[in-house]
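Let's take a walk through a protein fold together. Have the 3D view ready and turn it as you read.

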Amino acid sequence: MRVILVDIIDPKLHIKEAHKRLVELEKLVNTYGSCVIVKCIQKKQVPNYKTFIGKGRLEEIMQTAIAEKVDTIILNNILKSGQVFSLQWKFQEHDIQVWDRTDLILKIFEKHATTSEAKLQIELAAIRHMGPRIYGMGMELSKQGGGGVGMRGKGETNTEIMKRHLSKQEQSVKKKLAEVMKRQELQMNARKRKGFFSVAIVGYTNAGKSHLLHSLTRKNIYVENELFATLDTRIGKLYLPGRRSTCLISDTIGFIQDLPPKLIQAFASTLNEAVHADVLLHVIDYSDKDKDMKIQVVLDILEQLGATNMPQVFVCNKIDKIEKLYTKTFAKKFKKYSPVFISALNKDGFDTLLSKIESILPENWYD
């Protein structure tokens, strides 16, 4: 798929920050398996009410898309339903799709989903994302339904029919996910009663969470250098030598900047393990120049999930990529999170990490 990336930004945003935003979007596009042909930034105080993109820039993008034989225009923004419809209407005669940031993330989620639980979560997120868009689909959906099979009568519009259909779908998926979460709650409560304590790995996507779980537990899981490689909860047993015992450790979906709240809500069952864990390991790519921003993104999402009061350890990963660590300033700045510096690749710092986990977990346990 040949893609043009478009980002409409506040004029006050520094151009370096604007380019960083597009770099992350390009990584998402690459994860989906597509090729970026052109990247376009427009500074605009107030996005165009109808098309989000300014009229003149929109014409430029149209001409470029036709000349470069582009398949899809992807905006690094979250658009209103009417704006998406207006853009799609403009580009449809050239067989070019228009997606916003949420559309792209949902496509990646769909590609990476392997379990029935993950597929249900994506279906719920897609329904919640598409629902409001039926209001902006113009005359085609406003035409009267024919009163045929499954329709209530001639007075019902196609918009109303689609609304009712999506509502029924959403209720069905929510019911199935509620059953999944109920089973999870029962399993977690049973583990607590038996004295098992749990550790959950959280962090920005591609920080090395799955690699850490693999290195700590030798669990055979998918580890890849791409965004959102993990959508399901993976649980393994972690041996703590100082306790001569084990605890459970889980990996969860990675977070990302501007992750829409509806996607976080849809993945509630996957994040359930993290919310109810005894300790959170917040994995950070310490080699990333933008790590402070990504740390804040994760902290903000944890706050949305109600997990801010849990014991949390900053696990600064990928130190093998750095010649000089400069850890003192970082450790002082984030003292409350007891930073530990490790390499999941070669297992440097693992003894310190395990000791830290042992010191935080309660004493009265057994496996």
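In which sense does α1 cross α4, left-handed or right-handed? Keep in mind that you're looking at a predicted model. The crossing of α1 past α4 is left-handed. To find the pair, look for α1 at residues 15-32 and α4 at residues 101-112. Their axes sit 9 Å apart, and the two helices pack at an angle of about 35 degrees. On the α1 side, the contact is made by Glu24, Leu25, Leu28, Val29, Thr31 and Tyr32. From α4 come Arg101, Leu104, Ile105, Lys107, Ile108, Lys111 and His112. Sort the residues of this contact by character and you get 7 nonpolar, 2 polar and 4 charged.

Now turn to the sheet. It's an open one, built from 4 strands in the order β2-β1-β3-β4, with parallel pairing. At the edges you'll find β2 (35-43) and β4 (97-99), each pairing on one side only. On average, neighbouring strands here are turned by 20 degrees against each other, if you ignore direction.

Let's zoom in on one pair of strands. β3, residues 72-75, pairs with β4 in the parallel sense over 3 bridges. Thr72 has Gln97 of β4 standing opposite.

What about the other helices? α3 (residues 81-91) packs on the sheet, where α3 touches β3 and β4. The direction of α3 makes about 160 degrees with that of β4. Then there's α2, residues 55-67, which lies across β1 (2-9), β2 and β3. Compare α2 with β2 and you'll see the helix running at about 170 degrees to that strand.

Conventions. Residues numbered from 1 in each chain as written. Predicted model: local features only at pLDDT ≥ 70, side-chain atom pairs only at ≥ 80, totals over all residues. Heavy atoms only, no water. Axes fitted to C-alpha atoms, helices over the stretch in contact; angles between N-to-C directions. Left-handed = near helix turned anticlockwise from the far one by under 90°. Contact = heavy atoms within 4.5 Å. Nonpolar A, V, L, I, M, F, W, Y, C, P; charged D, E, K, R; others polar. Pairing = 2+ DSSP bridges.
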